[in-house]
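This report describes the internal cavities, the surface pockets and one helix packing of the structure shown below.

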Amino acid sequence: MTDSKGFFLTFEGGEGAGKSTQISLLRDFLASKGIDVVLTREPGGSAGAEAIRELLLNGAEDKWDPVSEVLLFSAARRNHLQTKVFPALSAGKWVLCDRFADSTMAYQGYAYGEKSVPLSDIEALYKIAAGDFQPDLTFILDIPVEEGLKRVEARSEAITRFEQMKLDFHKKLRSAYVNIADANPERCVLINAADTKERIHERIVSLVMQRLF
Ligand code: TYD
């Protein structure tokens with residue numbers, strides 16, 4: 001689906017893991033090496049996908065069932081890839097994306113427990129939305145659930161539908177991400193996000209240098 005020349009890096013993790021801080025530190029580092037970087041996020045990142053983001057994040061916790069969520073996230077993903085990510089990669093840019101398909105697996109595929117969407121359905125929808133495209137490298141920021149949620153509470157932003165979920169949801173989410181990292185060692189790296197932001201950044205930079213330079 002893309003004649004990719006740039007790299008696509010995704011940042012994943014539970015709530016309050018510090019993804020945005022690490023994304024902007026990496027952007028500054030790559031820019032200092034003369035690399036053209038695009039920052040983006042899911043759900044969102046393009047006009048159509050940002051409209052879907054509003055639908056997904058605001059409102060009552062049970063506003064959508066998990067299957068409807070996967071359908072909406074998938075539609076948003078396709079629009080985002082087609083209108084923003086693929087053109088940037090074709091132009092040789094590096095794209096740093098705050099959340100991507102592993103979020104769908106972890107949130108809709110595991111964290112809802114019995115109500116989760118079967119993983120094979122999530123994979124099938126991913127294929128419809130994105131074909132064979134995959135990130136070049138994925139950082140999964142791992143932090144104890146209570147600590148992450150404390151950081152979310154300390155922010156001044158409005159609480160989203162997902163942040164309102166019960167503790168058990170967030171615990172399932174954390175172990176889902178560990179499973180995803182174990183199952184995809186060539187693409188994913190699990191990072192201890194309870195460390196200092198400087199040390200996390202150094203680790204991310206050294207992984208980027210090892211794997212992509
Ligand atoms: P956001 O405020 O961007 O969260 P964060 O700062 O934690 O990244 O909201 C995105 C929310 O959407 C987040 O709670 C995770 C959720 N999400 C899914 O449930 N499935 C998905 O496929 C994606 C991309 C996000």
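By the grid rule, two cavities of 30 Å³ or more are counted. On a 1 Å grid over the protein atoms alone, a cavity is a set of points where a 1.4 Å probe fits but cannot get out, a pocket is an open set with protein on both sides within 12 Å along at least five of seven lines, and lining residues have an atom within 4 Å of a point. A volume is the space filled by probe spheres set on the points, which are joined across faces, edges and corners.

The model is predicted; local features need pLDDT of at least 70, side-chain atom pairs count only at pLDDT 80 or more, and totals for chains, interfaces and linings use all residues. Residues are numbered from 1 along each chain as its sequence is written, and side-chain values use heavy atoms, without hydrogens and water.

**Cavities and pockets**

| Space | Volume | Residues closest to the centre, or full lining |
|---|---|---|
| Largest cavity | about 110 Å³ | closest: Gly14, Glu15, Ile143, Val145 and Arg174 |
| Second largest cavity | about 30 Å³ | full lining: Val70, Ser74, Arg77, Thr104, Ile122, Leu125 and Tyr126 |
| Largest pocket | about 720 Å³ | closest: Arg53, Leu57, Arg99, Thr160 and Glu163 |
| Second largest pocket | about 360 Å³ | closest: Asp102, Met105, Glu123, Asn184 and Arg187 |

In the largest cavity, α7 contributes the most to the lining, with four residues. Helices (H or I, at least four residues) and strands (E, at least two) are DSSP runs, numbered from the N terminus. The lining of the largest cavity comprises seven nonpolar, four polar and three charged residues; Ala, Val, Leu, Ile, Met, Phe, Trp, Tyr, Cys and Pro count as nonpolar, Asp, Glu, Lys and Arg as charged, and the others, Gly among them, as polar.

In the largest pocket, α4 provides the largest share of the lining, four residues, and the lining has ten nonpolar, nine polar and twelve charged residues. α4 also gives the most to the second largest pocket, with five residues; that lining has ten nonpolar, four polar and four charged residues.

**Packing of α1 and α8**

The axes of α1 (residues 19-32) and α8 (residues 197-212) come within 10 Å and cross at roughly 50 degrees. The axes are lines fitted to C-alpha atoms over the stretch in contact, with angles from 0 to 180 degrees between N-to-C directions. The two helices are therefore oblique to each other, as angles under 35 degrees count as roughly parallel, over 145 as roughly antiparallel, 65 to 115 as roughly perpendicular and the rest as oblique. Contacts (heavy atoms within 4.5 Å) join residues including Leu25 and Phe29 of α1 with residues including Ile204 and Val208 of α8.
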